[in-house]
Amino acid sequence: MSNVLSEAKKQQVIALGRLGWPLRRIEQETGVRRETAGAYLKAAGIGVRPPGAWGRRPPAKPANENGVTTGSDAAKPANTVNPNPNPENLSTKGKAKARTAKPANENAVTTGFGVELSDSEHESPQPVPSISLCEPFREAIELGLSQGRNAVGIWQDLVSESGFNGGYQTVKRFVRKLRGNQPPQPRAVIITAPGEESQVDYGTGPMVRDPKTGKYRRTRLFVLTLGCSRKAVRLFSFRSSSRIWAELHEKAFRRLGGSTRIVVLDNLKEGVLVPDIYDPALNPLYRDVLTHYGCVALPCRIQDPDRKDQASYCTSLDMFDAS
């Protein structure tokens, strides 16, 4: 990659630098080398964090003045009771009690209250294994698991379709038993500060009657999800264009009562004209709208699907508004 950046890429690096991003993070998200990004930030008058100044461990705690070790062994008090006392050191009264103690019966158990229980009285009845309420619905639950459904979705299907009267915890325990010791699947965990990042994408919406033609049409589902709280705004649209894409962002910002500093988007044509692994070209209209709201567009890099966890939210239609 050349050291001379395009004007859009330069403005993106400067905007991220003003947000306080370190050079390492700017390089990971934009693909611009730290040396190049640092040169542009210095030219714009933005301070750059010196390398190696963050993440150092604090100095070790000095030893106590008296040289006393505060480890776990030293903190334990000394045991003042002899666990195995010598019988010769016992008092006369204690020896008398030891001699007069009644030996336990071979078939009885001596309790602390002086009551002897026989073997038949001491044995507790064997517990009867209970049958789960989910057992009659085993086939439906196994079918849901094979389709990738989780315990919440399976429980909702059983209640609405099969008349299941049990609770969610019952289904959760039964699903856990059916899954067994399966290895956990890797998932991308994205941690952001409140108000720092939002993720946008298009999904497939349901069939909705068009008020103009009176016929049912397939809609597109616009989803904007906050990176910290995962609160999402979902909007429907019959058509898609650069203008509609920008208007949906404005509606989502009004619904949330503000905008985030960074908007992470996929390489769809409404937001990115030319996808590129290092320097994607943003749509001018979309870039100007985000600049008006003080946002920085951050397109996902090609072949990096774990950067944006948005696909699971596009399929959820429990909260929506018709645009």
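Contact, in these legends, means heavy atoms within 4.5 Å. The model shown is a predicted one.

**Figure 1. The surroundings of C134, a residue in a loop.** Welcome to the first close-up, which starts in the loop between α6 (119-122) and α7 (138-146), where C134 lies. With its neighbours within four places in sequence left aside, C134 is in contact with I141, F164, T170, V171 and F174. Is C134 buried or exposed? C134 has a relative accessible area of 0%, so it is buried, the cut-off being under 20%. R173 can be picked out in this view as well: 39 residues separate C134 and R173 along the chain, while their C-alpha atoms are separated by 9.6 Å.

**Figure 2. A network of salt bridges.** Here the residues to look for are E135, R138 and E142, which salt bridges link in a network. For the wider setting, the structure holds eleven salt bridges, and the next figures take up some others.

**Figure 3. The salt bridge of R217 and D210.** The closest N and O atoms of R217 and D210 are 2.8 Å apart in this salt bridge. How accessible is each partner? D210 is buried, because its relative accessible area is 6%. R217, at 29% relative accessibility, counts as partly exposed.

**Figure 4. A salt bridge within helix α10.** R254 and E250 both belong to helix α10, where they sit four residues apart, about one turn of the helix. Their salt bridge has its closest N and O atoms 3.8 Å apart. R254 counts as exposed, because its relative accessibility is 58% and the cut-off for exposed is over 50%. E250 has a relative accessible area of 23% and is therefore partly exposed.

**Figure 5. The salt bridge of R287 and D288.** In this pair, the closest N and O atoms are 3.9 Å apart. R287 is partly exposed at 32% relative accessibility, and D288 is partly exposed too, with a relative accessible area of 46%.

**Figure 6. The largest nonpolar core.** Which residues have the most contacts inside this core? They are V200, F222 and Y286, in a core of 20 residues. At least two residues of this core come from each of β3 (197-209), β4 (216-226), β5 (232-237), α10 (242-256), β6 (262-265) and α11 (284-292). Helix α10 gives the largest share, five residues. A good place to zoom in is F222: beyond its neighbours within four places in sequence, F222 is in contact with V200, D201, Y202, V233, R234, L235, W245, L248, H249 and A252. Apart from this core lies another, made up of 17 residues that include L5, A37, L41 and L298.

**Figure 7. Stepping back to the whole protein.** To place the close-ups, it helps to have the overall picture at hand. The secondary structure comes to twelve helices and ten strands. The protein has 323 residues, of which 29% count as buried. Its accessible surface comes to about 22,600 Å², and 52% of that belongs to carbon and sulfur atoms. Among the contacts with a separation of 6 or more, 59% are between residues 24 or more positions apart.

Conventions:
Residues are numbered from 1 along each chain as its sequence is written. This is a predicted model: local features need pLDDT of at least 70, side-chain atom pairs count only at pLDDT 80 or more; totals for chains, interfaces and linings use all residues. Side-chain values use heavy atoms; hydrogens and water are left out. A nonpolar core is a set of buried Ala, Val, Leu, Ile, Met, Phe, Trp, Tyr and Cys residues joined through side-chain atoms within 4.5 Å. Buried means under 20% relative accessible area, exposed over 50%, partly exposed in between (1.4 Å probe, protein chains only). A salt bridge is a side-chain nitrogen of Lys or Arg within 4 Å of a carboxyl oxygen of Asp or Glu. Accessible areas come from the Shrake-Rupley method with a 1.4 Å probe; for residues, only the protein chains shown count as cover.
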